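Thank you for making the time this morning. I would like to walk through one structure with you, starting with the empty space inside the protein and then moving on to the ligand.

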Amino acid sequence: MMVIDGKSTAENLRQSIADSVRVLIEQYDLQPGLAVILVGEDPASQVYVRNKVRQTLEVGMKSMEYRMPPDISQAELLARIDQLNNDPAVNGILVQLPLPAHIDENAVIETIAPEKDVDGFHTINSGRLMNGQTAALVPCTPQGCIILAKQHLGDDLSGKHAVVIGRSNIVGKPVALLLLQENCTVTLAHSRTENLGSLCSDADIIVAAVGRPQMIKGDWIKPGATVIDVGINRIDTAAGKTQLVGDVDYAEAQEVAGAITPVPGGVGPMTIACLLQNTLTASCSQRGIAIP
Ligand code: NAD
């Protein structure tokens, strides 16, 4: 059984991004810039933003951070995004979700210029992904899932039966589209799916993006299958502490799977690495140059 190491895979990806950034700065006088907007003081969002800023700087990019009060009006937030859309030093724009209830998330996402939408959530980018156009900026966590599946299966995923559990716009749907692009036969399962266990037991690849701790059991998994666990759930342990677990029952799954991503240390670290990859892609395409 192979434990798919997301931490070192992400480190390698960030290293190669840093190499490209160095060339961009030296040869093209282009230092990619990523603007991150954080509205309010949600503790989890603050941690995510801090990590994004740190890793952006580590690969040699510019990081611009905009912290806005929780009661900022939607109009003010949209005006800030508009300003960043028009700022040539900003190549990527990310608005940390979730937003306070009085702000319409869709309106915010649709205001970001599609070519700077490094989260890949704008309708133009999801439409391009749907149509299989290479110009799409693709959501980060789904990209990470594909890279990790290929660590076990190699670059050619054709003909594999992939069962994706979860149909969110952030993970489930885009990961299903990416797997389809890789010529997998894709089953997209969700909360209303019947006989989920028997569906899974036919899967060569399982991608679990549900948000329910340890829901996918060992006897759902085909021997030798590749299991990509996107879930991040905090549970209470018997010792009175808390622990992070995935959507897959790891102890059971490792007895049957051919490979599995651990939680933490699997899909999680890939997300920011892919965000930086998108920022690099966006920067180069805005300047009309190939990624060095
Ligand atoms: P979501 O709540 O938006 O979507 C959950 C999906 O699971 C829904 O589509 C729902 O239909 C499906 N679902 C719910 N109950 C089900 C059931 N009993 N059987 C089958 N399907 C069921 O969540 P999301 O944003 O897609 O995130 C999913 C998980 O992935 C969460 O644990 C989240 O924390 C994690 N996540 C991790 C990363 C990362 O690693 N960087 C990024 C995004 C999300």
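**The cavity and the ligand site**

Let me begin with strand β4, residues 92–95, which gives the most to the lining of the largest cavity, namely three residues. Please keep in mind that this is a predicted model. The volume of that largest cavity is about 60 Å³, and the count of cavities of 30 Å³ or more comes to one. Its lining is made up of Ile93, Leu94, Val95, Leu97, Ile109, Ile112, Asp117, Asp119 and Phe121, and if we sort these residues by character, seven are nonpolar, two are charged and none is polar.

Now to the ligand. Which residues come nearest to the ligand? Among the 21 residues around it, they are Arg167, Ser168, Ser191, Ile232 and Thr271. In the case of arginine 167, a backbone N or O atom lies 2.8 Å from an oxygen atom of the ligand, while for isoleucine 232 a polar backbone atom is 3.1 Å from a ligand oxygen. With arginine 212 the contact is made by the side chain, where a polar atom lies 3.3 Å from a nitrogen atom of the ligand. As for how much of the ligand is covered, on its own it has 860 Å² of accessible area, and the protein covers 70% of that.

Turning to the shell as a whole, helix α10, residues 267–287, supplies the largest share, with three residues, and by character the shell divides into ten polar, nine nonpolar and two charged residues.

Note on methods: Residues numbered from 1 in each chain as written. Predicted model: local features only at pLDDT ≥ 70, side-chain atom pairs only at ≥ 80, totals over all residues. Heavy atoms only, no water. Near = heavy atom within 4 Å. Polar contact = N/O pair within 3.5 Å; in protein donor to acceptor, adjacent residues only side chain to side chain. Areas by Shrake-Rupley, 256 points an atom, 1.4 Å probe, with all protein chains shown as cover. Helix = DSSP H or I, 4+ residues; strand = E, 2+ residues; numbered from the N terminus. Nonpolar A, V, L, I, M, F, W, Y, C, P; charged D, E, K, R; others polar. 1 Å grid on protein atoms, 1.4 Å probe; cavity = no way out; pocket = protein on both sides within 12 Å on 5 of 7 lines; lining within 4 Å. Points joined across faces, edges and corners; volume = space filled by probe spheres on them.
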